[in-house]
Amino acid sequence: MTTDTLDLAKQEAFAGRIVQVLNDACLGYLCSLGHRTRLFDTMAELPPSTSEQIATATGLDERYVREWLGGMTVGGIVEYAPENGTYRLPPEHAAALTRAAGPDNMASFMQNLALIGIVEDEVFEAFRKGGGVPYSSYPRFQELQAEETARVYDAALIDSVVPLAPGLAERLREGIDALDIGTGQGHAVNLLAEAFPQSRFRGLDMSETGIAAARREAEEMGLRNVRFDIGDSAALTGAYDLITAFDVIHDLARPAQTLSAVAAALRDGGTFLMGDIDASSRLEENVDHLLGPALYTFSVFYCMTVSLGEGGAGLGTVWGRQTAQRMLAEAGFDDVTERHVEGDILNVYYVARKKP
Ligand SMILES: C[S@@+](CC[C@H](N)C(=O)[O-])C[C@H]1O[C@@H](n2cnc3c(N)ncnc32)[C@H](O)[C@@H]1O
């Protein structure tokens with residue numbers, strides 16, 4: 001291509017955008033630290049303060065706090081008043097960055113950037129040789145995943161997600177058998193067990209650290225109607241009236257076998273409630289997805305790659321509604337509806353019924 005054919009305005013605009021990509025990616029790491037150190041939480045409560053005052057309030061090293069505040073200021077996250085050397089986190093920004101923001105806290109999510117950074121060398125190798133990355137390469141995964149999803153479950157599981165399946169809350173109140181596959185640290189199951197004491201719950205995951213944390217929480221909550229087991233969801237056992245899978249199926253090495261096992265383990269009239277990423281299976285329909293780049297990035301660095309690491313299907317984060325519907329139908333579900341929780345842009349919930 002000669003320079004005659006180049007659209008120079010387009011070239012210049014893109015060069016500016018790609019610089020912005022670098023800056024925003026870097027801010028993601030600083031936001032992660034702002035969450036972990038509780039700098040955001042503390043600043044949200046403080047009046048405009050100097051770096052010394054902020055360091056004292058957080059118990060952190062002033063030099064690091066000042067450098068972080070520099071990044072936050074030039075990144076437009078914190079406001080700086082040079083005349084008195086004070087920094088302020090405006091409440092409009094705190095609403096997306098603090099623990100008090102609950103499901104709206106994006107700073108918590110930024111911790112995943114550092115997590116996936118750890119495996120870049122292994123992912124790079126997989127690009128060249130195929131294969132994937134083992135779960136053991138992601139040391140903080142269970143902890144971060146639980147922190148991330150607990151905010152959503154605490155806010156919405158009982159009052160907004162359960163009612164997506166018609167009649168489910170009533171059946172849970174009466175007493176049924178329920179299984180959650182890929183339960184992670186089991187917080188969803190523990191919340192359900194607490195809310196519906198007449199029902200019996202089981203959580204299944206192949207992660208020993210996940211199941212250990214789930215058992216600890218169940219004990220702390222004093223729950224007697226829940227148990228947790230280490231195991232592969234593709235070989236699940238038992239008979240249930242409700243099976244749930246939250247953000248799990250696309251990560252699995254054997255998703256098709258798991259969906260068939262779910263269908264086989266459901267009693268007649270039972271419900272499979274599957275929460276998964278709300279996206280299209282067609283790339284061109286995801287171009288305007290608010291979280292599109294994040295979804296494909298987490299797929300390359302985690303979801304697709306852990307599945308391929310086990311010689312699995314590698315569906316990827318963005319397997320999409322059309323593929324999900326096809327696989328549910330192939331597993332034997334012929335009554336599947338897609339439902340959404342208001343304000344949740346990440347998930348779609350498939351309510352699949354097994355005919356009585
Ligand atoms: C993205 S996490 C979701 C965890 C949890 N459901 C939540 O919403 O926080 C996916 C989980 O699936 C588990 N998992 C992956 N393959 C599995 C398998 N074959 N059998 C059981 N669990 C599996 C992982 O260990 C991980 O805890």
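# Exercises on a predicted methyltransferase-domain model

Over residues 174-287 the chain is 30% helix and 31% strand, and the C-alpha atoms at the two ends lie 45 Å apart. UniProt, in an unreviewed entry, lists this stretch, residues 174-287, as "domain: Methyltransferase". Please keep in mind that the model is predicted. Let's work through it.

## Exercise 1: The ligand shell

Find out how many residues surround the ligand and which are closest, then work out which helix gives the most to the shell.

Solution.
- Step 1. The ligand is surrounded by 21 residues, the closest being Thr-149, Gly-182, Gly-184, Ser-207 and Ser-233.
- Step 2. At least two residues of the shell come from each of helix 9 (141-161) and strand 4 (200-205).
- Step 3. With three residues, helix 9 gives the most.
- Step 4. Sorted by class, the shell holds nine nonpolar, eight polar and four charged residues.

## Exercise 2: Two strands

Determine in which sense strand 3 and strand 4 pair, and decide whether strand 3 is mostly covered or mostly open.

Solution.
- Step 1. Look at the bridges: there are five between strand 3 and strand 4, and the pairing is parallel.
- Step 2. Pick out one position across the pair: Ile-181 faces Leu-204 of strand 4.
- Step 3. Strand 3 (residues 177-181) has four of its five residues buried, so to speak mostly covered.
- Step 4. When you inspect the side chains, recall that in a regular strand they alternate between the two faces of the sheet.

## Exercise 3: A helix crossing

Describe how the axes of helix 1 and helix 7 cross, and name the residues that make the contact.

Solution.
- Step 1. Helix 1 spans residues 8-36 and helix 7 residues 111-118; their axes come within 7 Å and cross at roughly 115 degrees.
- Step 2. On the helix 1 side, the contact is made by Gly-28, Tyr-29, Ser-32, His-35 and Arg-36. Helix 7 answers with Gln-111, Leu-113 and Ala-114.
- Step 3. By class, this contact counts three nonpolar, four polar and one charged residues.

## Exercise 4: Positive phi values

Arg-38 and Asp-247 invite a look at the backbone. Say where each lies and whether each is buried, partly exposed or exposed.

Solution.
- Step 1. Start from the general expectation: most residues other than glycine have a negative phi.
- Step 2. Phi of Arg-38 is near 65 degrees, a positive value. Asp-247 also has a positive phi, of about 60 degrees, although it is not a glycine.
- Step 3. Arg-38 sits in the loop between helix 1 and helix 2 (39-45). Asp-247 belongs to the loop between strand 6 (240-246) and helix 13 (255-265).
- Step 4. Arg-38 has 16 other C-beta atoms within 10 Å, so this residue is partly exposed. Asp-247 has 21 C-beta neighbours inside 10 Å and therefore counts as buried; the cut-off for buried is 20 or more.

## Exercise 5: Apart in sequence, and in space

Work out how far Phe-127 is from Val-300 and Glu-52 from Glu-62, then classify the exposure of Phe-127 and Glu-52.

Solution.
- Step 1. Phe-127 is part of helix 8 (residues 120-129). Val-300 is 173 residues away in sequence, yet the C-alpha atoms of the pair are 9.7 Å apart.
- Step 2. Glu-52 is placed in helix 3 (residues 51-58). Its C-alpha atom is separated by 5.8 Å from that of Glu-62, ten residues apart along the chain.
- Step 3. A residue is exposed if 12 or fewer other C-beta atoms lie within 10 Å. Phe-127 has 9, so this residue is exposed; Glu-52 has 12 and is exposed too.

Conventions. Residues numbered from 1 in each chain as written. Predicted model: local features only at pLDDT ≥ 70, side-chain atom pairs only at ≥ 80, totals over all residues. UniProt positions renumbered as here; feature names shortened; annotations may be inferred. Near = placed C-beta within 6 Å. Nonpolar A, V, L, I, M, F, W, Y, C, P; charged D, E, K, R; others polar. Axes fitted to C-alpha atoms, helices over the stretch in contact; angles between N-to-C directions. Contact = placed C-beta atoms within 7 Å. Pairing = 2+ DSSP bridges.
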